[in-house]
Amino acid sequence: GDGEAFLDHGEWNAEVTLDEEEVNVPLIITRAGLTPRVVARVVTTIDLFPTILELTGAPVPQNDGESLVPLLEGRDRDYHRERAFSESRMDRGIQMDRGIQRAVREGKWKLISRRGRPLELYDLASDPGEIRNRAGDERVRADKLAGDVRAALARKQSAGAETAPIDDDLRRRLESLGYGR
């Protein structure tokens, strides 16, 4: 996440949880000729790649992102993303959990899956602070969203990733920023 945690959910520093105060951060894009507006839609960082290419007039190759240009231009109906996935390591902070945590946000619902813990499901419209876990009374919804997380992970793992060599200096700089630990 890119937000900050101030003991809201028992964590002090950022990039530890997938709680809303860390993952729901403002995205500000400016462009000459656009009327400033606030858009309350779920978007992801993978949407920035096609957005930047489209704004610069470059061809947009096949990718998992969806251009945000329709939202920038007030054509909200032409932006179709309905869910966003998040993933974070859980090896920093007060709780010092180990492993990966994953989340999916779909409409007003958010599911968090943390290793060794029960599923967490929150209705962000009525519980923006993620206090009341609804996974017990919304079991069908929780199971469906958990299945969506597993399916997204399977797609990610089957797709593989291209890698490039990283020299020692770059590796040290990345590790100083908290990457690759």
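**Salt bridges, sheet and Arg-81**

Lys-144 is partly exposed, with a relative accessible area of 44% (buried is under 20%, exposed over 50%, partly exposed in between; 1.4 Å probe, protein chains only). Its salt-bridge partner is Asp-148, and the two side chains meet at 2.8 Å, N to O (a salt bridge puts a side-chain nitrogen of Lys or Arg within 4 Å of a carboxyl oxygen of Asp or Glu). The model is predicted: local features need pLDDT of at least 70, side-chain atom pairs count only at pLDDT 80 or more, and totals for chains, interfaces and linings use all residues. Residues are numbered from 1 along each chain as its sequence is written, and side-chain values use heavy atoms, without hydrogens or water.

Both residues of this first pair lie in helix 4, which spans residues 139-159. They are four residues apart, so about one helical turn separates them. Asp-148 is buried, at 15% relative accessible area. Further salt bridges share partners and form one network. The network joins Lys-108, Asp-123, Arg-132, Arg-134, Asp-137, Glu-138 and Arg-141.

The salt-bridge count comes to 21. One of these pairs is Asp-76 with Arg-37, at 3.1 Å, N to O. This pair links distant parts of the chain, with the two positions 39 residues apart. Asp-76 sits in the loop between helix 3 and strand 1. Arg-37 sits in the loop between helix 1 (20-23) and helix 2 (48-56). Asp-76 counts as partly exposed at 25% relative accessibility. Arg-37 is also partly exposed, and its relative accessible area is 38%.

Glu-73 and Arg-75 form another salt bridge, at 2.8 Å, N to O. Glu-73 is partly exposed, with 40% relative accessible area. Arg-75 is partly exposed too, with a value of 34%.

The protein chain holds five helices and four strands (DSSP runs numbered from the N terminus: helices H or I, at least four residues; strands E, at least two). From the N terminus, the order of elements is α-α-α-β-β-β-β-α-α. The chain has 181 residues, and 30% of them are buried. Among contacts with a separation of 6 or more, 41% join residues 24 or more positions apart (contact means heavy atoms within 4.5 Å).

The four strands form one open sheet. Their order is 1-2-3-4, and the pairing is antiparallel (paired strands share at least two DSSP bridges). Strand 1 (83-89) and strand 4 (120-123) are the edge strands. Each of these edge strands pairs on one side only. Strand 1 runs antiparallel to strand 2, residues 100-106, and seven bridges connect them. Phe-85 stands opposite Val-104, a residue of strand 2.

Arg-81 also lies in a loop, between helix 3 (69-72) and strand 1. Is Arg-81 buried or exposed? Arg-81 is buried, with a relative accessible area of 16%. Which residues does Arg-81 contact, leaving aside its neighbours within four places in sequence? The contacts include Arg-41, Val-42, Val-43, Thr-44, Ile-46 and Asp-47. Asp-64, Gly-65 and Glu-66 are also in contact with Arg-81.
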